[in-house]
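Please look at the sequence and the model before reading on. The text below goes through the strands, then the helices, then the ligand.

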Amino acid sequence: MRFSKLRLNGFKSFVDPTDLIIADGLTGVVGPNGCGKSNLLEALRWVMGETRARAMRGGGMEDVIFAGTTSRSARNFAEVSLQIDNSDRLAPSGFNDSDQLEIVRRITRDVGSAYKSNGKDVRARDVQMLFADASTGAHSPALVRQGQISELINAKPKARRRILEEAAGISGLYQRRHEAELKLKNTEQNLLRVDDVIEQLA
Ligand code: ATP
């Protein structure tokens, strides 16, 4: 699985559709202060399922939508699409039926976010799991923001362990375990209710 293109449309300062081609090897982004370098990285994190508005440097998730300037009016939606070369067929099952994957996230004011994979509606959880299983994602240690190195140096062992688990591609298992535990709890509640009913009937 290899990222090949990021497209931004109405996302933060990228009001017009903008493509970033991600070629083989190292990609460098250079430009003057405030030109949108960090916004690009945030777009990548966002399309992979980021849910924390603060990680996007905003108060609410709708702050990622182009807010307007003196010469251009604000937009009503923001969209980011990530093209993935899946010719090695390493994407997890459910996503692994084509050589090219396109994951799209769109947020509309007062409506919220929606995701698509190759044009089909998918859940946020599925997208987050896709990237977690591929050892990347919104919280990936491969995405290093400003000030993060010193945070890492000062991190407690538990936090460091999370980074190693992320790199080993097992962080998706925690989400699955949590969901399994919730299901188990529900089932236990249902069994208690069945016991009550049986007792009343006896
Ligand atoms: P630096 O080199 O200083 O870190 P940078 O190149 O990383 O800067 P960014 O922080 O990515 O720049 O971009 C900041 C710019 O994005 C600012 O001009 C800010 O006004 C603009 N911006 C952020 N959110 C929005 C939004 N919702 N609508 C319009 N513009 C936005």
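**Strands, helices and a ligand**

S4 and S5 run antiparallel and are joined by six bridges. Two strands count as paired if DSSP finds at least two bridges between them. The names follow DSSP runs, numbered from the N terminus: helices are H or I runs of at least four residues, and strands are E runs of at least two. Residues are numbered from 1 along each chain as its sequence is written. The model is predicted, and local features need pLDDT of at least 70, side-chain atom pairs count only at pLDDT 80 or more, while totals for chains, interfaces and linings use all residues.

Within the pairing of S4 and S5, Ile-107 has Ser-113 in S5 as its bridge partner. These two strands form a hairpin with three residues between them, and Asp-110 there takes a positive phi near 65°.

Strand S5 (residues 112-117) also pairs with S6, in the antiparallel sense and over three bridges. Here Ser-117 stands opposite Lys-120 in S6, and Tyr-115 stands opposite Val-122 in S6. S5 and S6 form a hairpin too, with two residues between them, and Asn-118 in this turn has a positive phi of about 45°.

At another place in the fold, S1 pairs with S3 in the antiparallel sense over seven bridges. The bridge partner of Phe-3 is Ile-84 in S3. S1 also pairs with S2, again antiparallel, over four bridges, and Leu-6 has Leu-20 in S2 as its bridge partner.

How do these pairs fit together, and what is the strand order of the sheet? It is an open sheet of six strands with antiparallel pairing, in the order S2-S1-S3-S4-S5-S6. Its edge strands are S2 (18-21) and S6 (120-122), each of which pairs on one side only. From one strand to the next, the twist averages 25°.

Helix H1 (residues 37-47) packs on this sheet, touching strand S1 (2-9), S2, strand S3 (77-85) and strand S4 (100-108). Contact between two residues means that their C-beta atoms, placed from the backbone, lie within 7 Å. The direction of H1 makes about 80° with that of S3. Such angles run from 0 to 180 degrees between N-to-C directions, with axes fitted as lines to C-alpha atoms, for helices over the stretch in contact. Helix H2 (residues 124-133) lies across S4, S5 and S6, and runs at about 55° to S5.

The model also holds a ligand, surrounded by 14 residues; the closest are Asn-33, Lys-37, Ser-38, Asn-39 and Ala-67. A residue is near the ligand if its C-beta atom, placed from the backbone, lies within 6 Å of it. The shell has four nonpolar, seven polar and three charged residues. Ala, Val, Leu, Ile, Met, Phe, Trp, Tyr, Cys and Pro count as nonpolar, Asp, Glu, Lys and Arg as charged, and the others, Gly among them, as polar.

An unreviewed UniProt entry annotates a "binding site" that covers Pro-32, Asn-33, Gly-34, Cys-35, Gly-36, Lys-37, Ser-38 and Asn-39. UniProt positions are given in the numbering used here, feature names are shortened, and annotations may be inferred rather than shown by experiment. Pro-32 is found in the loop between S2 and H1, whereas Ser-38 lies in helix H1. Pro-32 is exposed because 7 other C-beta atoms lie within 10 Å. Ser-38 has 15 other C-beta atoms within 10 Å, so Ser-38 is partly exposed. A residue is buried if 20 or more other C-beta atoms, placed from the backbone, lie within 10 Å of its own, exposed if 12 or fewer, and partly exposed in between.
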